[in-house]
Amino acid sequence: MKTKNIYLAGGFKSGWQTIVKEACPDFTYFDPSLHQILDPAEYTECDLNGVRECDIIFAFMENSNPAGYALALEIGYAKALGKQTIFVENELDNPKKRYFDMVRHACDQNFQSLNEAVKYLQTI
């Protein structure tokens, strides 16, 4: 069976990507937090190519993410390509929560904690 490729969308400050990769080592990951590209045109193309190449997009909207605009773009693009989407919201009282209704409803799976989402990923 082919190893699934997972695109990790979300903020870069907390290191949540390491938690996912260590808990679910049987996947191949595209982790934009590692590429260190600073030019917006270059990182946009690189990241959208990562979405094109993935089977699953795992998107974590954590409180430290300044706005979530790029995360919303990546999810929308993934949905347009027919990719499986997993959306995680860090906390129920996140003030940005009301702005993500459309994103939430577009995703295949929604979770309120990273731990719940990782447990789900382990079942795939």
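The lining of the largest pocket divides into 15 nonpolar, 9 polar and 4 charged residues. Keep in mind that this is a predicted model. In total, 28 residues line this pocket, and those nearest its centre are Gly10, Phe12, Tyr43, Asp47 and Ala70. Three elements give two or more residues each to that lining: strand S1, residues 5-10, helix H2, residues 40-53, and helix H3, residues 69-80. Which of them gives the most? Helix H3 does, with 5 residues. As for volume, the largest pocket holds about 550 Å³ of space. If you wonder how one looks for such a thing, rolling a probe the size of a water molecule over the atoms shows where empty space is left.

Next, the loop between strand S2, residues 28-30, and helix H2, where Asp31 lies. Is Asp31 buried or exposed? Its relative accessibility is 8%, and the cut-off for buried is under 20%, so Asp31 counts as buried. What does the side chain of Asp31 make a polar contact with? Its partner is the side chain of Lys21, at 2.8 Å. Lys21 also turns up in the list of contacts: setting aside neighbours within four places in sequence, Asp31 is in contact with Leu8, Gln17 and Lys21.

Gln36 is in the loop between S2 and H2 as well. Here the relative accessibility is 68%, and exposed means over 50%, so Gln36 counts as exposed. Please look at its backbone too: Gln36 is not a glycine, yet its phi is positive, about 55°.

Last, the cysteines. How many disulfides does the structure hold? The count is 0. Take Cys24, which is in no disulfide: the nearest cysteine sulfur belongs to Cys54 and is 15 Å away. A disulfide needs the two sulfur atoms within 2.5 Å, so that pair does not qualify. Cys54 is in no disulfide either, and for Cys54 the nearest cysteine sulfur is that of Cys107, 12 Å away. Both Cys24 and Cys54 fall under the cut-off for buried that we used for Asp31. Cys24 has a relative accessible area of 4%, and Cys54 has a relative accessibility of 2%.

To go back over the loop between S2 and H2: Asp31 is buried there, whereas Gln36 is exposed.

Notes:
Residues are numbered from 1 along each chain as its sequence is written. This is a predicted model: local features need pLDDT of at least 70, side-chain atom pairs count only at pLDDT 80 or more; totals for chains, interfaces and linings use all residues. Side-chain values use heavy atoms; hydrogens and water are left out. On a 1 Å grid over the protein atoms alone, a cavity is a set of points where a 1.4 Å probe fits but cannot get out, and a pocket is an open set with protein on both sides within 12 Å along at least five of seven lines; lining residues have an atom within 4 Å of a point. Grid points are joined across faces, edges and corners, and a volume is the space filled by probe spheres set on the points. Helices (H or I, at least four residues) and strands (E, at least two) are DSSP runs, numbered from the N terminus. Ala, Val, Leu, Ile, Met, Phe, Trp, Tyr, Cys and Pro count as nonpolar, Asp, Glu, Lys and Arg as charged, and the others, Gly among them, as polar. Buried means under 20% relative accessible area, exposed over 50%, partly exposed in between (1.4 Å probe, protein chains only). A polar contact is a pair of N or O atoms within 3.5 Å; within protein, one must be able to donate a hydrogen and the other to accept it, and residues adjacent in sequence count only if both atoms are side-chain atoms. Contact means heavy atoms within 4.5 Å.
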